[in-house]
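Trainee: I should like to learn how the features of a protein model are read. May we go through one example together?

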Amino acid sequence: MTDAALGRPTMHANLDFFDDQHPPAGDFLRDVLAGMRRAPKSIPPVYFYDRKGSALFDQITQAPEYYVTRTELALLDAIAPELAERAGHGAVVVEPGSGSSVKIRKLLDALGDPAGYVGLDISRDHLLDACTELKLDYPDLSVGAVCADFTGGLDLDHLPLPEGRRVVFFPGSTIGNFEPEAARGVLSGFRSGMRRGDAVLIGADRVKDADVLVAAYDDAAGITAQFNLNLLTRINRELDGTIPVEAFGHLSLWNAEKSRIEMHLEASRKLSFSIRGEHFEMEKGERLHTENSHKFTPQAFGKLAESAGFEITRSWSDAGEFFTLYWLEPRWDA
Ligand code: AVI
């Protein structure tokens with residue numbers, strides 16, 4: 001019997017452990033058909049990230065209009081000494097969604113002498129690649145991988161982790177891609193396994209001038225448009241779709257009431273197509289909603305953190321107040 005069959009973390013390549021929790025794969029066909037039958041039509045943004053979509057997202061992070069990544073990276077540089085002080089010696093960094101290879105290196109370098117790193121991701125190949133590369137770059141660090149859906153909470157107690165303060169790192173304003181109730185659920189999941197002294201370092205994009213926000217999701221070079229349209233190409237390729245991709249236009253809209261940027265794909269003419277044999281029609285001007293990216297005032301983020309059982313003990317913003325990093329600690333009075 002293997003260690004995996006006994007439910008224990010196993011060794012994998014050069015990693016210190018690999019815990020495969022066999023998360024059920026998202027069901028692309030089911031979610032696309034359900035979303036296309038809905039009015040208005042919508043598809044969850046998690047399906048953007050096939051190989052091509054992930055490469056396009058990397059390009060978005062370099063686009064001049066997309067201030068998010070470079071602002072957060074500069075902030076991480078600026079606050080490195082304070083992060084080291086807060087995390088203390090021998091911290092264990094836990095990264096749900098494990099994909100921010102540049103940012104995690106910045107954080108580990110900032111901390112100086114971290115003892116461990118745990119990446120968690122639903123995509124096994126991506127996770128193992130990211131963690132293996134990290135171990136090569138940081139051979140003295142204990143590096144482990146957990147293949148799991150982090151939105152179900154962080155279950156770390158059975159892992160062979162070094163002692164030390166655990167710091168959950170959730171950068172990029174990924175929290176903004178969840179609906180408010182789901183965002184609270186994600187943070188509550190981080191909170192549930194925490195011990196005294198543990199913390200979350202989380203990035204949140206801020207409410208700002210609508211033109212700046214809209215441009216960040218509709219760059220002049222058209223990379224974000226390609227990223228959005230690639231979802232249709234993926235449906236055609238993987239789900240036998242006949243969607244005329246060229247008949248759709250990319251839209252980035254600021255929804256002030258819900259404090260979010262919305263991405264849509266709009267039909268430029270009346271359309272009819274099929275997906276895995278099921279027939280769909282769209283009117284000219286009809287939209288398919290593909291992503292929400294919520295933006296937070298400090299007050300709104302404070303409420304969210306508090307509703308999940310945290311208090312904000314420190315926050316850092318850039319001079320233009322475009323983006324904020326928050327240090328959250330569990331509340332013990334709640
Ligand atoms: C991954 N996520 C935080 C990005 C965002 O800004 O909401 C995804 C993205 N979509 C279009 N551009 C970037």
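**Reading pockets, contacts and the backbone**

Mentor: Let us begin with a pocket. The second largest pocket has a volume of about 200 Å³. Please keep in mind that this model is predicted.

Trainee: Which residues line the second largest pocket?

Mentor: The lining includes Phe 178, Glu 179, Pro 180, Ala 183, Lys 258 and Ser 259. His 294, Lys 295, Phe 296, Ala 300 and Leu 304 also belong to the lining. Two elements, helix H7 (180-192) and helix H10 (298-307), each give two or more residues to this lining.

Trainee: How many residues of each class does the lining of the second largest pocket have?

Mentor: The lining has 6 nonpolar, 2 polar and 3 charged residues.

Trainee: Let us turn to the ligand. How many residues surround the ligand, and which are the closest?

Mentor: The ligand is surrounded by 14 residues, and the closest are Tyr 66, Asn 177, Tyr 217, Glu 291 and Ser 293. By class, this shell divides into 7 nonpolar, 6 polar and 1 charged. Helix H2 (51-60), helix H9 (223-238) and strand S13 (287-294) each supply at least two residues of the shell.

Trainee: How are polar contacts with the ligand read?

Mentor: One looks for pairs of N or O atoms within 3.5 Å. Here, a nitrogen atom of the ligand is 2.8 Å from an N or O atom in the side chain of Asn 177. For the side chain of Glu 291, the distance from an N or O atom to a ligand nitrogen is 2.7 Å. An oxygen atom of the ligand is 2.6 Å from an N or O atom in the side chain of Ser 293. The ligand taken alone exposes 340 Å², of which the protein buries 95%.

Trainee: How many aromatic pairs does a search of the whole structure find?

Mentor: The search finds 15 aromatic pairs. One of them joins Phe 57 and Phe 227, which are 6.2 Å apart centre to centre, with 40° between the planes, and this pair is tilted. Phe 57 lies in helix H2 and Phe 227 in helix H9, 170 residues apart, and the pair thus links distant parts of the chain.

Trainee: What should one look for in the backbone?

Mentor: Most residues other than glycine have a negative phi, and most peptide bonds are trans. In this model, the peptide bond from Ala 39 to Pro 40 is cis, with omega near -5°. Pro 40 is found in the loop between helix H1 (28-37) and strand S3 (41-42).

Trainee: What is the phi of Ser 173?

Mentor: Although Ser 173 is not a glycine, its phi is positive, at about 60°. Ser 173 sits in the loop between strand S7 (166-170) and H7.

Key
Residues numbered from 1 in each chain as written. Predicted model: local features only at pLDDT ≥ 70, side-chain atom pairs only at ≥ 80, totals over all residues. Heavy atoms only, no water. Near = heavy atom within 4 Å. Polar contact = N/O pair within 3.5 Å; in protein donor to acceptor, adjacent residues only side chain to side chain. Areas by Shrake-Rupley, 256 points an atom, 1.4 Å probe, with all protein chains shown as cover. Helix = DSSP H or I, 4+ residues; strand = E, 2+ residues; numbered from the N terminus. Nonpolar A, V, L, I, M, F, W, Y, C, P; charged D, E, K, R; others polar. 1 Å grid on protein atoms, 1.4 Å probe; cavity = no way out; pocket = protein on both sides within 12 Å on 5 of 7 lines; lining within 4 Å. Points joined across faces, edges and corners; volume = space filled by probe spheres on them. Phe/Tyr/Trp six-rings, centres within 6.5 Å; stacked < 30°, edge-to-face > 60°.
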